[in-house]
Amino acid sequence: MHKTDNNAANDAQFDAARPYFFCGIGGSGMLPLAQILHGAGAQVSGSDRSNDQGRTPQKFDWLKSAGFALFPQDGSGITSPSQVLIASAAVEDTVPEVRRAQELGCERLTRAEMLSRLFNAAGTSIAIGGTSGKSTVTGMIGWILAHAGRDPTIMNGAVMKNFVSEANPFASAQVGKGNLFVSEVDESDGSITLYRPSVGVLLNVSLDHKSMEELRALFGDFLKASAKQVVNFDSEEARLLSEVSPHCTSFAIDNAQADISVAPGSIEQGSLSITARIIDRRDGTQQTLTLPMPGLHNLSNALAAIAATNAAGVSITDAITALHEFAGLARRFDIIGTTSDGISVIDDFGHNPEKCAATLRTLKATPGRVIAFFQPHGYGPLRQMGSELAETFANELGPDDITIMCDPVYFGGTVDRSEGSERIIKLIQDAGGNAQHIPSREDCGKRIAKIAQTGDRIVIMGARDDTLTGFARSLLSDLS
């Protein structure tokens with residue numbers, strides 16, 4: 001296992017003259033970082049098992065056309081000791097690129113170590129942390145800053161629709177000319193400790209990849225490392241951690257003590273949008289926000305983005321104006337389409353209890369049956385949070401709704417696969433929920449197409465698998 005040297009990663013500088021090789025260059029965390037390094041003038045190449053397997057070919061064709069050299073994942077792309085290997089800490093030493101890099105004596109960095117070098121060197125840096133909502137808030141902050149003419153560099157884990165263009169169809173990154181860096185930061189591997197933000201945003205603290213005790217320590221240290229803090233006071237865990245923060249701006253929907261909040265009774269929820277009166281309690285001003293995406297969780301995300309950009313010098317008026325035009329992210333309550341008889345298919349990144357609950361609550365806020373398909377993003381995460389996931393699906397969905405779950409995604413490796421989706425399905429059923437385990441994703445699609453009825457909302461949920469969007473589109477095609 002590769003070990004992180006926090007001090008070395010924080011203090012080292014990015015060297016654009018060195019060539020960089022990404023192991024897993026197509027991954028949701030690797031691709032935007034590769035784009036940013038490439039945009040900064042570095043020579044970037046890489047390999048990916050998905051490319052070798054013929055998965056998502058359009059992504060790799062675009063990478064080649066954009067000037068990224070791609071190699072099979074057989075070690076052939078590692079040719080010089082001057083290369084820097086960027087590989088996840090979880091990548092095993094038996095992977096050919098890792099073996100070859102060790103033979104040549106190449107420097108090896110994790111994604112977070114490389115990202116933190118760029119982030120910490122920026123004049124102004126905004127880091128978004130928390131268990132849920134990071135990508136959406138990162139996209140919102142990036143769009144507000146771009147709309148305000150600040151030209152930020154943005155590192156995200158999802159495609160930001162406002163920045164998609166013919167030249168950049170996979171816009172999970174935006175390379176700006178200003179000395180301003182915006183990035184989501186990850187607590188799941190502990191790498192959140194590498195960052196020293198000008199503004200640190202804490203959205204929430206809830207069970208995901210680590211225990212609550214570990215999360216409290218990581219997020220508490222994250223706030224202490226931030227020059228300014230922006231904290232969600234609707235999250236009790238986050239609020240308690242903020243008590244040691246001397247320069248904190250708070251936001252909340254329901255907590256009247258928050259600096260930036262919502263006027264009571266002003267929220268209007270629609271199936272595709274949400275409207276509310278935003279209060280800045282520091283001066284008493286109020287303004288109306290209409291966000292072109294549904295759900296209370298997205299209203300909370302918008303408050304976070306407004307507070308964070310205000311801490312970085314953007315007026316609340318300008319932030320609200322920009323959010324009126326926020327187009328959202330791919331795979332974040334992304335409506336793929338609706339059939340002529342009113343069956344909608346929605347693609348969503350929900351994969352932990354809080355994310356799944358937010359999506360399901362948004363669906364249940366308007367009429368219609370919900371068919372929730374869930375593909376667990378690994379056997380390890382399923383063991384860590386399986387009981388809480390089962391509780392979420394059982395509690396958030398009604399007796400007419402249906403949960404359908406396939407086996408966890410598995411792309412190889414030595415992970416323990418003894419405990420799978422069938423245990424979660426049984427827990428949902430034991431709690432009174434309507435749930436089915438169908439091992440094959442293809443067979444799940446056939447089952448959904450067979451049972452779907454007029455007015456149903458079908459949500460495709462899961463992470464770490466780009467082919468889920470294709471699955472959602474093919475399901476819509478079958479239904480149409």
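How are helices H10 and H11 oriented to each other? This is a predicted model, and the answer starts with two axes. Helix H10 covers residues 296-311, and helix H11 covers residues 316-323. Their axes come within 9 Å and cross at roughly 140 degrees. Angles over 145 degrees would count as roughly antiparallel, and 65 to 115 as roughly perpendicular. H10 and H11 are therefore oblique to each other. The crossing of H10 past H11 is right-handed.

Which residues make this meeting? From H10 come Ala302, Ile306, Thr309 and Asn310. From H11 come Ile316, Ala319, Ile320 and Leu323. Sorted by class, the contact between H10 and H11 has six nonpolar residues, two polar ones and no charged ones.

Now turn to the interior. The largest nonpolar core has 48 residues. Phe22 and Ile25 have the most contacts inside it. Several elements give two or more residues to this core, including strand E1 (20-23), helix H2 (30-39), helix H4 (57-65) and helix H8 (212-225). Ile25 shows how such contacts spread along the chain. Beyond its neighbours within four places in sequence, Ile25 is in contact with Met30, Leu31 and Ala34, and also with Phe60, Leu63, Phe68 and Leu70, among others. Another core lies apart from this one. That second core has 47 residues, among them Ile126, Met160, Leu291 and Phe326.

Last comes Ser125, in strand E6 (residues 124-129). Its relative accessibility is 2%, so Ser125 counts as buried. Leaving out residues up to four places away in sequence, Ser125 touches Phe119, Phe181, Arg196, Pro197, Ser198 and Val199. Ala312 is 187 residues from Ser125 along the chain, yet their C-alpha atoms are separated by 8.8 Å.

Notes:
Residues are numbered from 1 along each chain as its sequence is written. This is a predicted model: local features need pLDDT of at least 70, side-chain atom pairs count only at pLDDT 80 or more; totals for chains, interfaces and linings use all residues. Side-chain values use heavy atoms; hydrogens and water are left out. Axes are lines fitted to C-alpha atoms, for helices over the stretch in contact, and angles run from 0 to 180 degrees between N-to-C directions. Helices (H or I, at least four residues) and strands (E, at least two) are DSSP runs, numbered from the N terminus. Angles under 35 degrees count as roughly parallel, over 145 as roughly antiparallel, 65 to 115 as roughly perpendicular and the rest as oblique. A crossing is left-handed if the near helix is turned anticlockwise from the far one by less than a right angle, and right-handed if clockwise. Contact means heavy atoms within 4.5 Å. Ala, Val, Leu, Ile, Met, Phe, Trp, Tyr, Cys and Pro count as nonpolar, Asp, Glu, Lys and Arg as charged, and the others, Gly among them, as polar. A nonpolar core is a set of buried Ala, Val, Leu, Ile, Met, Phe, Trp, Tyr and Cys residues joined through side-chain atoms within 4.5 Å. Buried means under 20% relative accessible area, exposed over 50%, partly exposed in between (1.4 Å probe, protein chains only).
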